[in-house]
Amino acid sequence: MPITDGGERRSAVTIDIRTIMRAHQQGELDGAEAGYRAFLEGQPDHVQALQMLGLLLMQRRRPAEAVDVFRRVVDAQPSVPDHWANFGGMLRAAGRAEDAGNAHRRALALAPAHGAAAFNLANLLGPAPPDGAGRPLDAEAWYERVLAVTPNHKQARNNLDVLWEKNAGRFEAAARRLIALEPASIRAHESLARTLLPRSGLIGWCSSKARDFDLDAALAAFDHLRAVQAIHPDESGTGRLWRALALDLLQLGKLDDGRLERVARAAWRQLRVAPRDVLCAALVGYHVCRRGRLGLASRLQVRFASRFTTAEIEADPELGYWSMLRADDGFLEQLPPVDSVLARLPALETLVDGTGGEAGATGPVILLSGDEIYARRFGPKLLQSIADHSPGVSVVLNLVSPSAAMLDLVADWRRHYPLSFGVSCERPDLSGWSQHRRSTYFACARFVRAFQWHRRLDRPVIVLDLDAEVRGDLRRLAEEMAGQDVGLLLDGRRRGPFREILAGFVCYNDTPPARRFLETVAAYIGHFLLDAEPRWMLDQTAHLAAHHRFRHADPPLRIRWHDFQTFAHCAFIGEK
């Protein structure tokens, strides 16, 4: 049909370009390219066709041709910032970095908040030549502009972190100069903090892995992030980083009272606008505990946990830890009797009761407990160390679900080591339990078994981690317990309620208060093993809660505290 007027011509053109674009979208690149070129023969200044052809050429990795085509787009519509941003990407791909930078700046001159142009300009400026301009300080400024407009821009944040890490020296020097000139510069304080963090070793750290830290650098980063909050309390990006760093420093024993109080106050304010912020709630809880209000911290966390489902609590480590802390008097007074716990747990089978020999009839009994894997791995070294320093001492080895081969191995140990052996076992049904929950059972049920052996023997009981190594005669340590009820390991670094009393070594003397204390520990652990979700460090939390329960007992509970960091009688493996 002949085209007779402009309206019909525009209709035909529209149909043709849409058909070509549909082919392009469907991946028919050869046909689409031919279609665009044929179309442009009749309409050489058609902006949409030029734009689409340029993008297609970039897809086909022909950036030099794309630049030639797209130049006509920016010439036709020079006031459209998106055109200049796209043109900048094509120029960079074609190896024309300086021209690409100019194109991005042109886009930003037209639209100062243009995120793509700012991001791409930063990417162009940051790397060293020949990949970039080698101007990381300028790149930082552009990344900051992107994040000011789009705080959750993950690529910009990640690229900025990488930039800081690779150019730490330059950024640190520049930030310090700027802080000297402008003490209230948010950008300088944040830049310096993020430069110090990689040096600290805390990036990617988790509490289950030991590593070297530069904690002075971490504390300096903390202080600069706090400065940002003091200048601009609503700065959310650094606010969360500041609080996360506070939690790391606290759990490493390096957050003093003043710093904890400041970050806890900010966390209280944040909870008003974000009532489900777990990090903030944890910091508040740690601060309350640090002030000696363990019961209040427990009640606050119970109230906070009510905002979450059971699945959410199980999925979040901090929520899980706090769900185990029930130090309020009402809860502790209503714990089930320990005999009801024993009735619901698997029976304790005494296989060998060899603890009553003449050499150790009135001395302490050392209780070791764990699953077969741990017993095989650590048992020989620990037993040898006990025999070397305390020959003839009474030892009880409690095994969880031992095989016949394991029991044969234990019989060999009884013949080999000069110790008075008792052997017991339990056979719980842990089918369907996660490995984490199994490990928690192995670590914690031993204190229920310690209670049973303590009640049966009427002698002091010392519970040791299987992965410990004895370095002195534990009978002398037990003699030092004269006039005391319980011997506990205290971590004086004040790392929070779950790391304060360490259960790698505990001594329960043969006294009624010690028996009541251990009975509370056993009942507390039994409650979580049987009626709640047990978590790693439950054994340590139970001892802290029991200590809280008897802090004002009459007669008072007499505790012999041992400093974990200077405890010379045993060495322990792993992070405590």
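Reader: Is D257 buried or exposed?
Author: Neither: D257 is partly exposed, with a relative accessible area of 38%. Here buried means under 20% relative accessible area, exposed means over 50%, and partly exposed is in between (1.4 Å probe, protein chains only). This is a predicted model, in which local features need pLDDT of at least 70, side-chain atom pairs count only at pLDDT 80 or more, and totals for chains, interfaces and linings use all residues. Residues are numbered from 1 along each chain as its sequence is written, and side-chain values use heavy atoms, with hydrogens and water left out.

Reader: Which residue forms a salt bridge with D257?
Author: R290, with the closest N and O atoms 2.6 Å apart. A salt bridge is a side-chain nitrogen of Lys or Arg within 4 Å of a carboxyl oxygen of Asp or Glu.

Reader: Where do R290 and D257 lie?
Author: R290 is in helix α15 (residues 278-290) and D257 in helix α14 (residues 257-273), so the salt bridge ties together parts 33 residues apart in sequence. Helices (H or I, at least four residues) and strands (E, at least two) are DSSP runs, numbered from the N terminus. R290 counts as buried, at 15% relative accessibility.

Reader: How many salt bridges does the structure hold?
Author: 41. One of them joins the side chains of R515 and D458, at 3.7 Å from N to O. That pair links distant parts of the chain, 57 residues apart: R515 sits in helix α25 (residues 512-531), D458 in the loop between α23 (435-457) and β5 (461-464). R515 is partly exposed at 22%, and D458 is partly exposed at 45%.

Reader: Which residues do salt bridges with shared partners join into one network?
Author: D30, E33, R37, R60, R62 and E65. Within it, E33 pairs with R37, the closest N and O atoms being 3.2 Å apart. E33 and R37 are four residues apart in helix α2 (residues 29-42), so about one helical turn separates them. E33 counts as buried at 9% relative accessibility, while R37 is partly exposed at 34%.

Reader: Switching topic. How many residues has the largest nonpolar core?
Author: 102, and those with the most contacts inside it are L245, L249, F517, Y524 and I525. α23 gives the most to this core, eleven residues. A nonpolar core is a set of buried Ala, Val, Leu, Ile, Met, Phe, Trp, Tyr and Cys residues joined through side-chain atoms within 4.5 Å.

Reader: What is L249 in contact with?
Author: Leaving aside neighbours within four places in sequence, L249 is in contact (heavy atoms within 4.5 Å) with L202, L215, A218, L219, F222, K254 and L255.
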